[in-house]
Amino acid sequence: LQAFTLRRAMGFLTRFIASGIQDDTARTEARAAHVKKVTAKCESLKDNWDQPTKVDKYWLKDKARMTVVDADSLPLQEGKRPVW
């Protein structure tokens, strides 16, 4: 009786473990889809890297120049910390 119960319990455990194991083809297809998706995102990021971050003559505008002037003068003022 004990051997039968143990065998039956082991059968349940084996079925439970087997149900959690993925099919090889499904896993391969999911991996290929993931790689394709990540590759597309990487290509998009590389395209964005080629773009300039500031518009033409950005640093000649008053607002941008004042940012630089303020950043240079902040450490000289007591009680203030640099913006970066």
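Leaving aside its neighbours within four places in sequence, with which residues is Ala64 in contact? In this predicted model, the partners of Ala64 are Tyr58 and Trp59. Ala64 itself is part of helix α3, a segment that spans residues 62-73. Its relative accessibility is 2%, and Ala64 is therefore classed as buried, the limit for that class being under 20%.

The overall architecture is helical. The protein contains 3 helices and 0 strands, and its elements follow one another along the sequence in the pattern α-α-α. Helix α1 covers residues 2-20, helix α2 covers residues 24-49, and helix α3 covers residues 62-73. Of the 84 residues in the protein, 4% are buried. The accessible surface amounts to about 8,400 Å², and carbon and sulfur atoms contribute 60% of this area.

A nonpolar patch was identified on the surface. Its members are Met10, Phe12, Leu13, Phe16, Ile17 and Ile21, which together present about 640 Å² of accessible area. Among these residues, Phe12 belongs to helix α1. The relative accessibility of Phe12 is 53%; this residue is accordingly assigned to the exposed class, for which the value must be over 50%.

Charged side chains were examined next. Side chains of opposite charge can pair when their charged atoms come close. The structure holds 1 salt bridge, which joins Arg27 to Asp24 with a distance of 3.1 Å between the closest N and O atoms. This separation meets the criterion because the cut-off is set at within 4 Å. Both Arg27 and Asp24 are located in helix α2, where they stand 3 residues apart, about one turn of the helix. Each partner is partly exposed: the relative accessible area is 42% for Arg27 and 46% for Asp24.

The loop between α2 and α3 includes Lys57. The phi angle of Lys57 is near 60 degrees, a positive value in a residue other than glycine. Lys57 has a relative accessible area of 57% and is exposed.

Aromatic residues were considered last. A pair of aromatic rings is described by the distance of the centres and the angle of the planes. The count of aromatic pairs in the model is 0. A charge placed over a ring was nevertheless found, with Lys54 lying over the face of Tyr58 at 5.1 Å from the ring centre. Tyr58 thus takes part in two of the features described here, because Lys54 lies over its ring within the 6 Å limit and Tyr58 is also in contact with the buried residue Ala64.

Definitions and conventions. Residues are numbered from 1 along each chain as its sequence is written. This is a predicted model: local features need pLDDT of at least 70, side-chain atom pairs count only at pLDDT 80 or more; totals for chains, interfaces and linings use all residues. Side-chain values use heavy atoms; hydrogens and water are left out. A salt bridge is a side-chain nitrogen of Lys or Arg within 4 Å of a carboxyl oxygen of Asp or Glu. Helices (H or I, at least four residues) and strands (E, at least two) are DSSP runs, numbered from the N terminus. Buried means under 20% relative accessible area, exposed over 50%, partly exposed in between (1.4 Å probe, protein chains only). Accessible areas come from the Shrake-Rupley method with a 1.4 Å probe; for residues, only the protein chains shown count as cover. Rings of Phe, Tyr and Trp (its six-membered ring) pair if their centres lie within 6.5 Å; planes under 30 degrees apart count as stacked, over 60 as edge-to-face and the rest as tilted. A charge sits over a ring if NZ of Lys or CZ of Arg is within 6 Å of the ring centre and within 35 degrees of the ring normal. Patches are made of residues with over 30% relative accessible area and no salt bridge: like charges are joined within 9 Å, nonpolar side chains (Val, Leu, Ile, Met, Phe, Trp, Tyr) within 5 Å. Contact means heavy atoms within 4.5 Å.
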